[in-house]
Amino acid sequence: MSVIKIRRLRAEDYPELVHLWLRAGLSFKPKGRDSHEAVTKQMEENPDFFLGAFHDGRLIGAVIVSSDMRKGWINRLAVHPDYRRRGVAKALVAEAEKVLRQKGIRIFCALVENSNLASKRLFKACGYVEHRNIVYFSKRDSDEV
Ligand SMILES: CC(C)(COP(=O)(O)OP(=O)(O)OC[C@H]1O[C@@H](n2cnc3c(N)ncnc32)[C@H](O)[C@@H]1OP(=O)(O)O)[C@@H](O)C(=O)NCCC(=O)NCCS
């Protein structure tokens, strides 16, 4: 089997990225922050924050990095079901941390649904500590954002 390569995602990868999210079972906000327009803008502003894992030119894994300047966040980690348990997510998390370290970030975080055992185990395997005493609060201008 040929090698899996990680590279920055570009605007033209958007259709494949959406396909991967849906195939991986991630939620998708087509009118909000996941719209073509929104993602293209985010990519333009932070070209190194969108990473994809490719096998034979096909997108089989992806992650979106974000930074609030104090901490770095690992978002939307997704691996195609046919490529799981091969270390793709681990490699994407390592690459995401590398991008954040280059920006001076030293704390890496992820929000994971409590029922998502695969993701919780993955982050533990990557050295992340689970904080059971923290509850996530958010406020949204609409359900679509
Ligand atoms: C979670 C997810 C990204 C993991 O991707 P992956 O490429 O299969 O993960 P890796 O192969 O890098 O796994 C590395 C380690 O994480 C742990 N792990 C990953 N998936 C696991 C699972 N289903 N069950 C138990 N442990 C798991 C294991 O320790 C694994 O090492 P091992 O295979 O040597 O035992 C993938 O299952 C996925 O896309 N899920 C749906 C989308 C999702 O929930 N994303 C996370 C949002 S926070």
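## A walk from the ligand through the sheet

A backbone N or O atom of leucine 77 lies 2.7 Å from a nitrogen atom of the ligand, and this is a convenient place to enter the structure, which is a predicted model. Leucine 77 belongs to a group of 19 residues around the ligand, and it is listed together with Val79, Arg85, Gly87 and Asn116 as those that come nearest. Two further backbone approaches involve oxygen atoms of the ligand: a polar backbone atom of arginine 86 is 3.2 Å from an oxygen atom of the ligand, and a backbone N or O atom of alanine 89 lies 3.0 Å from an oxygen atom of the ligand.

Arginine 85, one of the residues that come nearest to the ligand, lies in the loop between β4 and α3. Its phi is positive, about 60°, although arginine 85 is not a glycine. Is arginine 85 buried or exposed? With the protein chains only taken into account, as the term is used here, arginine 85 has a relative accessible area of 86%, and because the limit for exposed is over 50%, it is counted as exposed.

From the loop one can step back to the sheet, which is open, has 5 strands in the order β1-β2-β3-β4-β5, and shows mixed pairing. The edges are taken by β1 (4–8) and β5, each of which has a single partner strand, so that one side of each is left without a neighbour in the sheet.

Within this sheet, β2 and β3 run antiparallel and are joined by 6 bridges, with glycine 52 standing opposite alanine 62 in β3. Strand β3, residues 58–67, also pairs with β4 in the antiparallel sense, again over 6 bridges, and here serine 67 stands opposite glycine 72 in β4. The two strands β3 and β4 form a hairpin with 4 residues between them, and methionine 69, in the turn, has a positive phi of about 80°.

The pairing of β4 with β5 (residues 108–109) is parallel and consists of 2 bridges, and tryptophan 73 stands opposite cysteine 109 in β5. Together with the helix α3, the strands β4 and β5 make a right-handed β-α-β unit.

The loop between β2 and β3 and the end of the strand that leads to it offer a contrast in accessibility. Histidine 55 is found in strand β2 and is buried, with a relative accessible area of 7%; its side chain makes a polar contact of 2.9 Å with the side chain of tyrosine 83. Aspartate 56, by contrast, lies in the loop between β2 and β3 and counts as exposed at 60% relative accessibility. Its phi is near 50°, a positive value in a residue other than glycine.

Another loop, the one between α2 (36–45) and β2 (50–55), holds phenylalanine 49. What does phenylalanine 49 count as at 6% relative accessibility, buried or exposed? Phenylalanine 49 counts as buried, because its 6% is under the 20% that sets the limit for that term. Leaving aside its neighbours within four places in sequence, phenylalanine 49 is in contact with Val63, Ile64, Val65, Ser66, Ser67, Val99 and Lys103. Phenylalanine 49 and glutamate 95 are 46 residues apart in sequence, while their C-alpha atoms are 10.0 Å apart in space.

The last stop is helix α4, residues 117–125, in which Ser119, Lys120, Leu122 and Phe123 are buried. Seen down the axis of α4, these buried residues fall within an arc of 160°, so they line one face of the helix. An α-helix has 3.6 residues a turn, so residues three or four places apart point the same way. Ala118 and Arg121 are exposed, on the other side of α4. What do the buried residues of α4 pack against? Their packing partners are β4 (72–79) and α3 (88–102), two elements that also take part in the right-handed β-α-β unit. After α4 comes glycine 127, which has a positive phi near 95°.

Notes. Residues numbered from 1 in each chain as written. Predicted model: local features only at pLDDT ≥ 70, side-chain atom pairs only at ≥ 80, totals over all residues. Heavy atoms only, no water. Buried < 20%, exposed > 50% of the residue type's maximum accessible area, 1.4 Å probe, protein only. Arc of directions from axis to C-beta. Contact = heavy atoms within 4.5 Å. Pairing = 2+ DSSP bridges. Right-handed = clockwise from strand over helix to strand, strands pointing away. Near = heavy atom within 4 Å. Polar contact = N/O pair within 3.5 Å; in protein donor to acceptor, adjacent residues only side chain to side chain.
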